[in-house]
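This report asks how the helices of one model are arranged against each other and which charged side chains pair up along the way. It is written to be read with the structure open alongside.

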Amino acid sequence: MNKINVSLDMDQVSELVRQSLIEDYELNKDPDFVDCSDWEIDPDFQLLKALELVIDYYSTPEQFAEWKNTLTK
């Protein structure tokens, strides 16, 4: 197995973290269904609020506003 070294600066690491958090938010924002039934499980709103807080931390004000606008569409 070959090893590959990758060098990232802190801005690149922050962007990777931000994108990962946004993906987590997207995966958890919609209701889920129980075993192919009509029973819905509501999203975990506390988790979504926590993810939003951390996404805000890793975003510039412009990035955060742009992301919030995509949620309302």
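In this predicted model, the axes of helix 1 (residues 10-28) and helix 3 (residues 61-71) come within 13 Å and cross at roughly 20°, and helix 1 and helix 3 are therefore roughly parallel to each other. The crossing of these two helices, helix 1 and helix 3, is right-handed. On the side of helix 1, the residues that meet helix 3 are Glu15, Arg18, Ile22, Tyr25 and Glu26, and their counterparts in helix 3 are Gln63, Trp67 and Leu71. Sorted by class, this contact of helix 1 with helix 3 has four nonpolar residues, one polar residue and three charged residues.

Helix 1 also packs against helix 2, here at an angle of about 155° and with the two axes 9 Å apart. Because of that angle, which is over 145 degrees, helix 1 and helix 2 count as roughly antiparallel to each other, and their crossing is left-handed. From helix 1, the residues Ser14, Val17, Arg18, Leu21, Ile22, Asp24, Tyr25 and Asn28 take part, and they meet Leu47, Leu48, Leu51, Glu52, Val54, Ile55 and Tyr58 in helix 2. The residues of this contact of helix 1 with helix 2 divide into 10 nonpolar, two polar and three charged.

The remaining pairing to describe is that of helix 2 (residues 45-58) with helix 3, which pack at an angle of about 140° with their axes 8 Å apart. That angle makes helix 2 oblique to helix 3, and helix 2 passes helix 3 in a right-handed crossing. Glu52, Ile55, Asp56 and Tyr58 are the residues of helix 2 that meet helix 3, where Gln63, Phe64, Trp67 and Lys68 lie opposite them in the contact. By class, the contact of helix 2 with helix 3 has four nonpolar, one polar and three charged residues.

The packing of the three helix pairs can be set out as follows.

| Helix pair | Angle | Axis distance | Handedness |
|---|---|---|---|
| Helix 1 and helix 3 | roughly 20° | within 13 Å | right-handed |
| Helix 1 and helix 2 | about 155° | 9 Å | left-handed |
| Helix 2 and helix 3 | about 140° | 8 Å | right-handed |

Charged side chains come next. Side chains of opposite charge can pair when their charged atoms come close. How many salt bridges does the structure hold? The structure holds three salt bridges.

One of them joins the side chains of Arg18 and Glu15, with a nitrogen-to-oxygen distance of 3.1 Å. Arg18 and Glu15 are three residues apart in helix 1, and so they are separated by about one helical turn. The two partners differ in how they are classed by accessibility: Arg18, at 7% relative accessibility, counts as buried, while Glu15, at 28% relative accessibility, counts as partly exposed. Both Glu15 and Arg18 are among the helix 1 residues that meet helix 3.

Another salt bridge brings together the side chains of Lys29 and Glu26, at 3.8 Å from N to O. Lys29 counts as partly exposed at 30% relative accessibility, and Glu26 likewise counts as partly exposed, at 34%.

In the salt bridge that Glu52 forms with Lys68, the closest N and O atoms are 2.9 Å apart. Since Glu52 lies in helix 2 and Lys68 in helix 3, this pair ties together parts that are 16 residues apart in sequence. Lys68 counts as partly exposed at 29% relative accessibility, whereas Glu52 is buried, with a relative accessible area of 14%. Leaving out residues up to four places away in sequence, Glu52 touches Tyr25, Phe64, Trp67 and Lys68. Between Glu52 and Ile22, which are 30 residues apart in sequence, the C-alpha to C-alpha distance is 8.3 Å.

A residue outside the helices can be set beside Glu52. Leu8 has its place in the segment before helix 1, and at 45% relative accessibility Leu8 counts as partly exposed. Not counting residues up to four places away in sequence, Leu8 touches Val13 and Leu16. Leu8 and Ala50 are 42 residues apart in sequence, and their C-alpha atoms lie 26 Å apart in space.

How values were computed:
Residues numbered from 1 in each chain as written. Predicted model: local features only at pLDDT ≥ 70, side-chain atom pairs only at ≥ 80, totals over all residues. Heavy atoms only, no water. Axes fitted to C-alpha atoms, helices over the stretch in contact; angles between N-to-C directions. Helix = DSSP H or I, 4+ residues; strand = E, 2+ residues; numbered from the N terminus. Parallel < 35°, antiparallel > 145°, perpendicular 65-115°, else oblique. Left-handed = near helix turned anticlockwise from the far one by under 90°. Contact = heavy atoms within 4.5 Å. Nonpolar A, V, L, I, M, F, W, Y, C, P; charged D, E, K, R; others polar. Salt bridge = Lys/Arg side-chain N within 4 Å of Asp/Glu carboxyl O. Buried < 20%, exposed > 50% of the residue type's maximum accessible area, 1.4 Å probe, protein only.
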